[in-house]
Amino acid sequence: MSLSEDAATLAAVPLFQGVDPARLKLIAFAAERLNVAAGTELVRQGEAGDAVYVVLSGEASAFVKVADGSELRVGPVPVGTLFGEVALLADVPRTATVRADGEMAVLRLDGELFFDLIQEFPAVGIAVMRELARRLDRSTALLRGR
Amino acid sequence: MQRDFRQFVWRHTAGAQFAMLGIAFASFPFLWLYYEMPKEIVALLGADKGEPLRLFGRDLPASLFGLPLDRPVTLGLQCLILLLLVLINQRFRFWIARLRNLTAERALRRIRFQILSLVLRFPLHAFRQRTAGETLAAMGSDLDSLCGHVGDAVSVPAYQGGTLAVILIFLVWQDPLIAAAAASIYPLSMIVVPRLQRRVNDLSRERGRLTRGLGERIDETFRLVTDIHANDQTRWTRAWLGAQLALIYRVRLDIAQRKFAIKTINTLLQQSGPVLFYAAGGLMVIEGRLDIGTLIAAIAAHKDMATPWRELLDWYQGREDARVKYENTLRLFNRPDLRPAARDAQPEEAVDFRGQAITVEDLVVRDEGEALRLDRVRLTIPAGQLTALVGPSGGGREALALALCGLVEASAGRVRIAGQEIARLPASLVNRRIAYVGPGSGLQARSIADNLAFGLQARPGLGLGGDIDFREALLSGNPADSIEADWVDYAAAGVADREALRRRMVELLSRLGFGDGLFRLGLQARLPAGAVADLGPRIVAARAALDTRLRERGQVDLIARFDEGGYNDHATMAENLLFGLPTDPALDADRLAEHPALHDLLVRCGLAERLFAAGQTIAAVMIELFADLDPGHEMVRRFALVSPGELRHLIALSGRPGDSLTRADRALLTNLPFRVIASRHRLNAVDEALKAAIVEARHRLRTELPGIGIARFDAASVNPAASILDNVLFGRIAADRAGAAGQVPALAADVLESLGLGDELRRLGLDFDVGIGGGRLSLGERQRIALGRVLLRRPDVIVLDDVLGALDATCRADIMTLLREEAAAGVTVVAALGDAGLAEGFDRIVTLERGRILQHGEGRRILRQEMGNSRHEPE
């Protein structure tokens with residue numbers, strides 16, 4: 001996979017829509033591209049967070065441990081999702097476990113890079129905010145629907 | 001040290017000075033003959049034909065060894081003698097110079113060593129007033145000139161004064177009147193010069209003081225550099241340093257001017273001499289009272305007087321300078337309150353404090369300002385128990401801890417152990433049995449093992465003498481101990497030899513919670529040449545075992561193994577080309593294309609142009625990616641393939657046609673691809689065709705340049721240039737596999753442990769160089785080593801001054817367990833603590849405030865009270 005292809009994948013990620021293509025290439029270059037075997041846990045609930053991930057291909061699932069110790073699948077993590085940012089932004093342990101459903105590729109941005117990007121390129125910061133707001137809205141809608 | 005400079009010279013260099021004096025006197029007859037010869041030659045030339053030929057007032061025979069002695073032959077003979085005399089005089093000068101340099105250098109070595117010895121005898125509080133920088137300044141160039149003068153002390157006045165005397169006597173011999181004229185100028189300068197010199201001496205003292213002040217300020221700047229930046233005091237600091245330089249500048253300029261004035265007066269007097277000669281001597285020749293040969297000889301002799309006179313004058317200035325510097329140095333270091341000198345040769349009486357209680361009897365300790373630190377403290381510290389001294393900082397706990405080790409002088413009262421007063425026992429005995437770790441305890445810039453053995457180096461071992469020149473060391477008052485000898489006292493650590501000691505070190509550090517750290521350091525170490533035969537095959541075995549382990553888990557692809565026939569996407573292109581690591585410093589992995597032989601090879605393979613083209617593409621990508629950022633931006637520093645400086649340069653170069661680039665620019669671009677790790681950087685410039693070409697070049701490199709300094713990767717043996725971890729991996733971690741970076745090293749460590757290599761690696765970790773002040777280790781690791789150092793030498797008493805509070809909680813728990821074991825073996829353990837909460841687990845607690853004991857009793861009881869009083873929660 002070359003840098004330009006990774007950047008093109010990023011451009012398709014909703015989170016990064018509106019971010020200048022040249023920026024995307026820099027993000028792709030500074031981040032690590034990881035191939036993930038099926039069943040690999042990318043983040044584990046309760047551990048300290050040190051990076052955020054963007055799904056480039058394949059799909060993962062998010063799980064939350066419930067009171068009796070069993071795991072509850074809370075939802076899919078499809079292509080183009082940014083995950084792992086809550087632990088970094090709020091400085092709390094990982095709130096869920098993300099496990100690869102099958103072979104997948106992700107982009108790993110370590111914490112320092114993530115904050116650098118937000119500071120240096122406001123468009124990225126706004127994109128993250130938009131994503132968080134959207135999720136909040138979805139949760140609220142969900143609650144209202146009950 | 002001798003009280004004044006003259007005594008120092010007499011005491012230490014009398015022999016050499018007399019020898020120089022002897023040589024000087026032996027040289028004078030030849031000097032006389034040297035001045036006599038021109039007269040003889042002129043006399044020969046002026047003699048009438050037929051007159052008998054004379055040499056030194058004697059008639060010459062008509063022939064010598066069958067050679068008729070006519071005038072040309074005699075002239076030749078005379079010139080030969082003159083040449084011989086020149087050579088002889090030079091030889092004398094050479095002997096004197098040699099002896100002089102020897103004496104001067106020995107004196108320098110002696111004084112420097114004496115100063116350092118005195119510093120080692122300073123009472124501890126002196127180090128709060130003196131800085132290393134100040135000492136360094138006092139030992140610098142000033143001492144150089146002082147010691148140069150030690151060599152000159154006798155030889156110069158003897159030789160130059162004698163020369164002057166010879167010339168004067170020679171002149172008197174020729175004509176008393178001329179001699180009087182020649183000498184008349186000297187009394188005047190003898191009056192004027194010393195007056196000027198006195199002022200110069202005062203200024204020299206001032207200069208010494210100011211230079212030391214500068215040293216002190218530089219020292220402080222180094223020490224407080226973080227604070228200076230953190231408080232934004234750089235501008236003020238610059239002004240502060242500049243102010244001292246201004247003072248030094250003024251004094252130095254003044255000294256130089258005055259010294260020049262002295263020289264000027266002298267030169268003036270000297271050069272007016274010939275005028276007198278021409279006037280008085282010329283008149284006498286005209287009147288026929290003096291023959292012209294004598295006048296020429298007299299003028300030649302007088303001209304030669306200039307040099308010895310100038311030398312004498314320089315010597316006089318030098319001596320005054322040296323005297324001042326010596327006194328200054330003495331005042332600075334020969335303090336009245338020095339600790340007694342160590343007597344290395346004294347026979348060792350074995351002392352044993354194990355199981356002995358310490359009694360403190362009415363102890364009073366004052367600090368340098370006469371304030372009371374301890375006020376009539378009475379205390380018995382039982383052996384085999386843990387005793388805590390608790391109190392606020394400055395309340396007396398620190399002073400008591402120091403007094404227990406004999407490190408601070410008592411104004412009244414005493415500390416006894418086993419019936420002996422600690423202050424009266426030689427320090428060498430006390431401090432071998434009583435160990436102290438304080439807030440200032442630190443590490444030397446040596447290996448971990450060396451630092452651990454720091455308390456075991458009381459005296460050099462027998463045998464190995466190293467290459468120290470004992471005679472020379474004694475002649476300059478230096479220690480005859482060889483630093484190369486094995487100083488470690490294995491018996492003191494309770495082990496038989498070096499290997500056993502290293503095993504003990506690993507055991508101790510592991511118990512202090514530093515075992516994993518040592519293992520990690522061992523993994524990063526390279527295999528020392530001496531261990532290859534023993535450990536090499538076992539590491540290769542670990543390589544295979546790791547491979548099996550990965551296969552079992554189906555994770556073979558976590559490591560990209562080195563394969564001679566293929567390109568490794570996880571290694572740099574440089575590693576791929578060399579298929580190994582450079583061992584020759586000329587072969588810099590970042591600048592391979594600049595290595596002449598390698599460059600030729602790249603050209604032969606047709607790679608030079610392709611790499612250059614790839615370099616241009618990479619440069620363009622870097623500029624595109626980082627264009628909007630300042631080249632100095634943190635992201636450039638962390639992520640760009642090029643340094644900020646290189647990025648600026650590449651931006652400046654971009655758009656310029658290829659043929660306008662300089663050689664260095666082309667080299668920079670050609671070298672760029674070598675840094676690329678294909679899987680990490682994902683640059684199109686490094687495509688499959690280029691990779692194949694690199695593998696091809698790798699084979700040609702092997703066959704065409706077999707002798708080039710590369711430690712090649714070889715599946716069957718260890719690579720001496722690679723770390724042990726890399727040797728076990730025999731490849732690069734596939735960084736694009738999720739989790740590989742964490743799993744692979746853990747698996748490798750697991751395999752090594754299971755093969756029984758864990759302790760071997762921890763022992764290799766002992767050779768890690770800790771850096772200046774232990775800076776390459778974390779604070780916790782440094783503290784663990786400082787504590788391990790104390791436990792290793794098995795002392796009878798352990799005093800920890802403000803140490804436990806600074807430790808992290810796990811380390812504190814580890815050390816408490818160890819201390820408890822020591823106490824069970826009869827060791828007396830005392831810890832000074834700032835916080836009563838830390839005294840949990842101590843048998844006895846003593847609380848001190850304002851230099852007095854407030855409470856003293858069983859640990860748990862005191863602790864309950866303290867907690868109740870202050871409502872202080874233990875940590």
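Reader: Which residue in strand 7 of chain A stands opposite A:Val43?
Author: This is a predicted model, in which local features need pLDDT of at least 70, side-chain atom pairs count only at pLDDT 80 or more, and totals for chains, interfaces and linings use all residues. Residues are numbered from 1 along each chain as its sequence is written, while chains are lettered from A and ligands numbered from 1 in the order in which they are written. Strand 2 of chain A and strand 7 (residues 97-100) of chain A pair in the antiparallel sense over two bridges (a pair needs at least two bridges found by DSSP; strands are DSSP runs of E, at least two residues, and helices runs of H or I, at least four, numbered from the N terminus). Across from A:Val43 in strand 7 of chain A is A:Val98.

Reader: Which strands stand at the edges of the open sheet in chain A?
Author: The four strands of this sheet have the order 2-7-4-5, with antiparallel pairing. An edge strand has a single partner strand, so one side of it is left without a neighbour in the sheet. The two are strand 2 (41-43) and strand 5 (71-77) of chain A.

Reader: Which residue in the turn between strand 4 and strand 5 of chain A has a positive phi?
Author: Strand 4 (residues 60-65) of chain A pairs with strand 5 of chain A in the antiparallel sense over six bridges, and A:Lys65 has A:Glu71 as its bridge partner. The two strands form a hairpin with five residues between them. The phi in question is about 90°, and the residue is A:Gly69.

Reader: What is the bridge partner of A:Ser61 in strand 7 of chain A?
Author: Strand 4 of chain A also runs antiparallel to strand 7 of chain A, with four bridges joining them. In strand 7 of chain A, A:Ser61 has as its partner A:Arg99.

Reader: Which residue in strand 16 of chain B stands opposite B:Val799?
Author: Chain B has an open sheet of six strands in the order 10-15-16-7-17-18, with mixed pairing. Strand 15 (residues 797-801) and strand 16 (residues 828-833) of chain B pair in the parallel sense over five bridges. Opposite B:Val799 is B:Val830.

Reader: How does helix 17 of chain B lie to helix 27 of chain B?
Author: The axes of helix 17 (residues 532-552) and helix 27 (residues 740-754) of chain B come within 9 Å and cross at roughly 125° (axes are lines fitted to C-alpha atoms, for helices over the stretch in contact, and angles between N-to-C directions run from 0 to 180 degrees). Angles under 35 degrees count as roughly parallel, over 145 as roughly antiparallel, 65 to 115 as roughly perpendicular and the rest as oblique. The crossing therefore makes helix 17 of chain B, relative to helix 27 of chain B, oblique.

Reader: Which helix supplies the largest share of the side of chain B that touches chain A?
Author: The contact takes 13 residues from chain B and 18 residues from chain A (residues are in contact if their C-beta atoms, placed from the backbone, lie within 7 Å). Helix 20 (607-626) and helix 21 (634-639) of chain B each supply at least two residues of this side of chain B. The largest share, three residues, comes from helix 21 of chain B.

Reader: Which residues of chain B have pLDDT under 50?
Author: The mean pLDDT of chain B is 84, and 96% of its residues reach 70 or more (pLDDT is the predictor's confidence in each residue, from 0 to 100). Where pLDDT is low, the predicted coordinates should not be read in detail. In chain B, pLDDT stays under 50 over residues 871-875.

Notes
Contact = placed C-beta atoms within 7 Å.
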